[in-house]
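Please read the explanation below alongside the model. It goes from the sheet to the side chains and then to two loops.

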Amino acid sequence: SKNTADKVNRNTTSSWGSYCIQSNTSSAHWVKVDFGAPKYIEAFGVAGYPGSSHKPKGTWHLQGSTDNKTWKNVWSGGATLWTTGSPTYPPPTTIEVTAPGQYRYYRIYSAGGWTNGHLLVCNWAMYE
């Protein structure tokens with residue numbers, strides 16, 4: 001497989017705020033990528049806050065969409081599968097997508113919310 005998402009190296013300082021993407025308590029708790037055209041993603045990796053304090057509450061998902069409105073779970077897993085660690089790229093764990101398909105949009109989503117009220121993603125890789 002090959003990496004389909006361009007690496008964005010935000011690790012310019014030792015502060016997690018410089019290399020992580022964070023939601024706030026008033027926003028939707030997901031992070032999305034738009035590939036501009038459909039991609040068949042077979043695997044992905046994600047790493048959250050290195051201190052482990054911002055994890056999904058319960059099950060979290062990788063979802064795909066063709067229209068940016070209707071979302072389908074292409075992978076689901078428990079909070080124990082949420083990887084935390086350093087901002088190095090790629091993320092330390094690669095997860096196989098269980099229901100791959102052709103989707104333009106992908107997002108990491110947790111309907112149950114996130115500990116400390118924030119989704120915090122420091123690294124995300126997608127493989128086709």
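The paragraphs that follow take up the sheet, the aromatic residues, the nonpolar core and two loop residues.

This is a predicted model, in which local features need pLDDT of at least 70 and side-chain atom pairs count only at pLDDT 80 or more, while totals for chains, interfaces and linings use all residues. Residues are numbered from 1 along each chain as its sequence is written, and side-chain values use heavy atoms, with hydrogens and water left out.

An open sheet of 4 strands runs in the order β2-β7-β4-β5, with antiparallel pairing. The edges are taken by β2 (30-40) and β5 (72-77); each has a single partner strand, so one side of each has no neighbour in the sheet. From one strand to the next the twist averages 20°, taken between axes that are lines fitted to C-alpha atoms, with angles from 0 to 180 degrees between N-to-C directions. Strands here are DSSP runs (E, at least two residues), numbered from the N terminus, and two of them pair if DSSP finds at least two bridges between them. Strands of a sheet pair through backbone hydrogen bonds, either parallel or antiparallel.

At one edge, β2 and β7 pair in the antiparallel sense over 7 bridges. Within this pairing K32 has R107 of β7 as its bridge partner. At the other edge, β4 and β5 run antiparallel and are joined by 5 bridges, with W60 standing opposite G77 in β5. The hairpin of β4 and β5 has 6 residues between the strands, and N68 takes a positive phi near 70° there.

R107 also has two aromatic rings to consider. It lies over the face of W30, at 5.2 Å from the ring centre, and over the face of Y109, at 4.5 Å from the ring centre. A charge sits over a ring if NZ of Lys or CZ of Arg is within 6 Å of the ring centre and within 35 degrees of the ring normal.

Rings of Phe, Tyr and Trp (its six-membered ring) pair if their centres lie within 6.5 Å; planes under 30 degrees apart count as stacked, over 60 as edge-to-face and the rest as tilted. By this rule the count comes to 6 aromatic pairs. The ring centres of Y103 and Y106 are 5.9 Å apart and the planes are at 90°, so this pair is edge-to-face. Y103 is buried at 12% relative accessibility, and Y106 is buried at 1%; buried means under 20% relative accessible area, with a 1.4 Å probe and protein chains only. One aromatic cluster is formed by F44, W60, W75 and W82.

The largest nonpolar core has 21 residues, of which F44, L62, I108 and W124 touch the most other members. Such a core is a set of buried Ala, Val, Leu, Ile, Met, Phe, Trp, Tyr and Cys residues joined through side-chain atoms within 4.5 Å. At least two of its residues come from each of β2, β3, β4, β5, β7 and β8. Beyond four places in sequence, I108 is in contact (heavy atoms within 4.5 Å) with residues including V31, V46, W60, L62, W82 and W124.

Two loop residues remain. H54 is in the loop between β3 (43-48) and β4 (60-65) and is buried at 11% relative accessibility. Not counting residues up to four places away, H54 touches Y49, W82, T115, N116, H118 and L120. The C-alpha atoms of H54 and G117 are separated by 7.9 Å, although the two are 63 residues apart along the chain. S110 is found in the loop between β7 (102-109) and β8 (120-127) and is buried at 3%. Leaving aside neighbours within four places, S110 contacts H29, P56, K57, T59 and W60.

Notes. Buried means under 20% relative accessible area, exposed over 50%, partly exposed in between (1.4 Å probe, protein chains only).
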